[in-house]
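I opened a fresh notebook page for this one and went through the structure chain by chain. Here is what I looked up, in the order I looked.

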Amino acid sequence: MRIASWFFTPLLGFLLFYTCSQLPPPDSTASHISIRYVQKSETETGIRSPAGAVLADYRGFDLLATGSLFFASALCLFLFFPGSSRLEAWFPTLLGLMGFAAALALGFLSLFHGSNFLDYEALTNCVESPQARLDGALILTGSALLGLGGFLLLAIRWTKAPEGPGER
Amino acid sequence: MEMIIHHGMAILLCLVGFHGVFFYGNLAKKTVAWALFQIGLIVFLYSLASSGAPLPSVLAIEVASVTLVVTVLLGLFCVKLYRRHKTLEGAEIARRGSK
């Protein structure tokens, strides 16, 4: 591995330097979409900070996917601990995976339908609508926090797992 | 050339971290190296965010959150392994585990 490191590090260095040399100047990176985020985010989402609006609303599904990924990873690792074959370990795992699948299904329906899936009225009436964005942002942020909560649960379980060579 | 100088620190951190992840056998050093790699990425994204575009700053926030959480978990993992095996050398732990 040490030999591989001396080979791959210069290769990565070359790639990074080449990529940076191809980047446009910092002033020209503000594309039309960035300008829209800065100018209209508060009106469109109700969130003052453009970064907050992008994080929670415009790219809310990315955040949901990231949170779900954390949660799924935490659940997988959770099963490696002693006693994880018991029902009390499998039940939250299955519950979490079902929630993850439900969130993805709702996301798919939303994208397929072209409307915000949290705008229930518009969804049931089959009408395209950009309403209820702030609600959507709050719930998606909550989903991400739940994903991070999965990691915290894992950390607590990890610290409380028994010590010693024969624990598994 | 100007862009390379502008992002030089970020690239350097990334390279040091990348090299460390492969080079060190000690798990704590690997964790620190990985964190350095991630910090390089965050520095790179923040240098892009200086132009006022919100997307790089959002990405930087996400990467920082992931780095913090995963580094804490890796640290806990190192503590657990050290208490059990009294060493953090990956090869030694693997040798004992395969017995």
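**Entry 1: chain B overall.** I began with burial: 39% of the 99 residues of chain B count as buried. I kept in mind that this is a predicted model. Next I listed the elements and found 5 helices and 0 strands in chain B, running α-α-α-α-α from the N terminus. For contacts in chain B between residues at least 6 apart in sequence, I noted that 50% join residues at least 24 apart. The accessible surface of chain B comes to about 5200 Å², and 73% of that belongs to carbon and sulfur atoms.

**Entry 2: chain A overall.** I ran the same lookups here. Chain A has 168 residues, and buried ones make up 32% of them. I found 7 helices and 0 strands in chain A, in the pattern α-α-α-α-α-α-α along the sequence. Among chain A contacts between residues at least 6 apart in sequence, 46% join residues at least 24 apart. Chain A exposes about 10700 Å², with carbon and sulfur atoms supplying 71% of it.

**Entry 3: the core.** Which residues form the largest nonpolar core? I got 8 of them: Tyr37(A), Ala51(A), Ala53(A), Val54(A), Leu55(A), Tyr58(A), Leu63(A) and Val58(B). Helix α3 of chain A, residues 50-58, gives the most to this core, with 5 residues. As background, nonpolar side chains in soluble globular proteins tend to be buried together.

I then took Tyr37(A) and checked what it touches, leaving out residues up to four places away in sequence. In chain A, I found Pro50(A), Val54(A), Tyr58(A) and Arg59(A). In chain B, Tyr37(A) touches Pro54(B) and Leu55(B).

**Entry 4: Glu62(B).** I wanted to know whether this one is buried or exposed. Glu62(B) has a relative accessible area of 17%, so with the cut-off at under 20% it counts as buried. It sits in helix α4 of chain B, which covers residues 54-85. What does Glu62(B) touch, not counting residues up to four places away in sequence? My list reads Leu55(A), Leu63(A) and Thr66(A). Two names there were already on my page, as Leu55(A) and Leu63(A) belong to the nonpolar core.

**Entry 5: a surface patch.** I found a nonpolar patch on the surface made by Phe7(A), Phe8(A), Leu11(A), Phe14(A), Leu15(A) and Tyr18(A). Together they have about 650 Å² of accessible area. I picked out Leu11(A), which lies in helix α1 of chain A, residues 2-22. At 40% relative accessible area, Leu11(A) is partly exposed.

**Entry 6: aromatic rings.** How many aromatic pairs does the whole structure have over all chains? My search returned 7. One of them is Phe18(B) with Phe37(B): the centres are 6.4 Å apart and the planes are at 45 degrees, so I logged the pair as tilted. This pair links distant parts of the chain, with Phe18(B) in helix α2 (residues 8-23) and Phe37(B) in helix α3 (residues 27-49) of chain B, 19 residues apart. Phe37(B) is partly exposed, at 24% relative accessibility.

I also logged Phe23(B) and Tyr24(B) as an edge-to-face pair, 5.6 Å centre to centre with 80 degrees between the planes. Both count as partly exposed, Phe23(B) at 22% relative accessibility and Tyr24(B) at 34%.

Last note: Phe7(A), Phe8(A), Phe18(B), Phe22(B) and Phe37(B) form one aromatic cluster. I had already met Phe7(A) and Phe8(A) in the surface patch.

Conventions. Residues numbered from 1 in each chain as written. Chains lettered and ligands numbered in written order. Predicted model: local features only at pLDDT ≥ 70, side-chain atom pairs only at ≥ 80, totals over all residues. Heavy atoms only, no water. Core = buried A, V, L, I, M, F, W, Y, C linked by side-chain atoms within 4.5 Å. Buried < 20%, exposed > 50% of the residue type's maximum accessible area, 1.4 Å probe, protein only. Helix = DSSP H or I, 4+ residues; strand = E, 2+ residues; numbered from the N terminus. Contact = heavy atoms within 4.5 Å. Patch = residues over 30% accessible without salt bridge, like charges linked within 9 Å, V, L, I, M, F, W, Y side chains within 5 Å. Areas by Shrake-Rupley, 256 points an atom, 1.4 Å probe, with all protein chains shown as cover. Salt bridge = Lys/Arg side-chain N within 4 Å of Asp/Glu carboxyl O. Phe/Tyr/Trp six-rings, centres within 6.5 Å; stacked < 30°, edge-to-face > 60°.
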